Amino acid sequence: KKIIPVLCRPVEKDSIPKCIVDLQFTSFHNEAYKDIFNDLIQVIEIDRDFARKHTEIQERATEWFQHEHSDDFLLNITAYNNAESWISEAGIKIDAFYSAKFKKPPIDTETKKLSSIVRLELKSCKKKPKPTQLQLQYILTSKAAIIKEKEKEAAIANSLKRRLRTAWIALSISVILLGVSGVATYMAVESKKEAVKAQKEAERQKNIAFEQKKIAEKEKVLADNARKKAVKARKEAVKAQKEAELQKNIAFEQKKIADKEKAIAQEERKKAITNKRKADAAATIAQIQRKKADEQTQIAIREKAHADSLKKIEYAKSLALLADKLSTSNKEQA
C-alpha cells in the first residue's frame, strides 16, 4: 500500500504522525487546483509503477533465494538493466559501488553478504516502498554474473586475437624469408593458410559464442515464462484451496444448523406426544366425571321421586285426618 500525504492547509510539523513525516507531501495550499491535481495524478501513477516493479523483483529475488542462490534464476542483461533503472529511482546507484573509492566489492559472491556501505545506503533510502536487502543482493549478484560472463567472453576474444597475431607474425616472418629459399616460401604459404584458418576459427568461435548467447537469452525468457506460469498456478491452487475450505466450513455450519433443527423437531415431536397423552388423559377424566354426573343425576331423580311419594302419602294422611275431623264434627252437631 502507498501513502501519499496531501496538505490542504498549513500544519505544524510536530503534529504530523511520525509514520508519514518523512514522506513527500503534495500541497494544495495556495496552489492552482487544476495544476496541482495533475501533479498529484502523476505522483500516483509514478508510485504505482514503482510499486509494481518492486513486487515483481521481490518475487524473482525470493524464488532465487528459495533455489539456494542458483545462477539459473539470475537476471539476464535486459532484465538487469530494467532492475538497475528501477532501483536508481530509489536513489541507489549500482555503478557507484564499483568506483575506485570503494576498496571492497559491494557484495560477497560466496556468502551473498552486502558490504557496510551498501547496507548504509539502503538504510538511508526514503523511497516507498523501500527496496529490500534481498532485492539488492539479487541485483548485485546478477551484475556480478553479467560482469563475469563479459570477462569470459573478453578472454575468449583475447585468446583468438593472440592466435591471430601469432599467425600474422608467422606470416610476416615467412614473407621476409621468402627470398632465402623455396622452403621459406612454402612455410610462408602454410603460415598464411594457418593465419586464415585461425581467423576463420576465430570467426566461428565468435559466431558460436553469439548463438550460445542468443540461446541462453531465449532459455532465460522461457524460464521466466515458466516461472510466471508456475507462480500463477500456485496462486490459483491456493485460491482453490481457500474456496474448498470455505465450502467445507459452509457445509459444516449447514450441518450444525440441520442437526439443531432436527433436535428441535424431535423435541417438538416429544412435546406433541406428551400433550396428546395429557389430552387423552383429560378426555378420560372428563368421561369419568360425566358418567359420575349422570349417576348423580339418576340418584337425584330417584330421590326426588321418593320425596314426591312421601309428600303424596303425607297429603293423603292429612286429607284422611281432615275427613275424620269433619266426620266427628258432624256427629257432634247431630
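This passage describes the nonpolar core, salt bridges, surface patches and backbone features of the structure. The model is predicted.

The nonpolar core comes first. The largest such core holds 26 residues. Within this core, I87, I92, I94, L136, Y138, I139 and L140 touch the most other members. Four helices, α2 (33–66), α3 (77–89), α4 (116–123) and α5, each supply at least two residues. Helix α5 gives the most, with six residues. In soluble globular proteins, nonpolar side chains tend to be buried together.

Charged pairs were examined next. Side chains of opposite charge can pair when their charged atoms come close. The structure holds ten salt bridges. One of these joins the side chains of E56 and R52, with an N to O distance of 3.8 Å. Both residues lie in helix α2. They are four residues apart, about one turn of the helix. E56 is partly exposed, at a relative accessible area of 34%. R52 also counts as partly exposed, at 46% relative accessibility. The pair belongs to a network of salt bridges that links D49, R52, K53 and E56.

A further salt bridge forms between the side chains of K235 and E59, at 3.7 Å from N to O. K235 lies in helix α6 and E59 in helix α2, so this pair ties together parts that are 176 residues apart in sequence. K235 counts as exposed, with 51% relative accessibility. Exposed means over 50% relative accessible area, so the value of 51% puts K235 in that class. E59 is partly exposed, with a relative accessible area of 34%.

The side chains of D95 and K143 also meet in a salt bridge, with 3.3 Å between N and O. This pair links distant parts of the chain, 48 residues apart. D95 sits in the loop between α3 and α4, whereas K143 is in helix α5. K143 is buried, with a relative accessible area of 13%. The cut-off for buried is under 20%, so K143 falls in this class.

The surface carries a patch of positive charge. K161, R162, R165 and K206 gather there. Helix α5 (residues 133–176) provides the largest share of the patch, three residues. K206 is placed in helix α6 (residues 182–333). K206 counts as exposed, at 55% relative accessibility. Helix α5 thus appears in several settings. Helix α5 gives six residues to the largest nonpolar core, holds K143 of the salt bridge with D95, and supplies three residues to the positive patch.

A nonpolar patch also lies on the surface. Y33, F37, I41 and I44 make this patch, which covers about 360 Å². I41 lies in helix α2. At 37% relative accessibility, I41 counts as partly exposed. Patch members need over 30% relative accessible area, so the 37% of I41 meets that cut-off. Helix α2 also contains E56 and R52, as well as E59.

The loops were considered last. K113 is placed in the loop between α3 and α4. K113 counts as exposed, at 56% relative accessibility. The C-alpha atoms of K113 and E89 are separated by 23 Å. These two residues are 24 residues apart along the chain. D95 also lies in the loop between α3 and α4.

The loop between α2 and α3 shows backbone angles of interest. Most residues other than glycine have a negative phi. E68 is not a glycine, yet has a positive phi of about 60°. E68 is located in the loop between α2 and α3. E68 is exposed, with a relative accessible area of 73%. H69 likewise has a positive phi, near 60°, and is a residue other than glycine. H69 is found in the loop between α2 and α3. H69 counts as partly exposed, at 25% relative accessibility. Partly exposed lies between the cut-offs of 20% and 50%, so the 25% of H69 falls in this class.

Technical notes: Residues are numbered from 1 along each chain as its sequence is written. This is a predicted model: local features need pLDDT of at least 70, side-chain atom pairs count only at pLDDT 80 or more; totals for chains, interfaces and linings use all residues. Side-chain values use heavy atoms; hydrogens and water are left out. Patches are made of residues with over 30% relative accessible area and no salt bridge: like charges are joined within 9 Å, nonpolar side chains (Val, Leu, Ile, Met, Phe, Trp, Tyr) within 5 Å. Accessible areas come from the Shrake-Rupley method with a 1.4 Å probe; for residues, only the protein chains shown count as cover. A salt bridge is a side-chain nitrogen of Lys or Arg within 4 Å of a carboxyl oxygen of Asp or Glu. Lys and Arg count as positive and Asp and Glu as negative; His and the chain ends are not counted. The place of a charge is taken as NZ of Lys, CZ of Arg, CG of Asp or CD of Glu. Buried means under 20% relative accessible area, exposed over 50%, partly exposed in between (1.4 Å probe, protein chains only). A nonpolar core is a set of buried Ala, Val, Leu, Ile, Met, Phe, Trp, Tyr and Cys residues joined through side-chain atoms within 4.5 Å.
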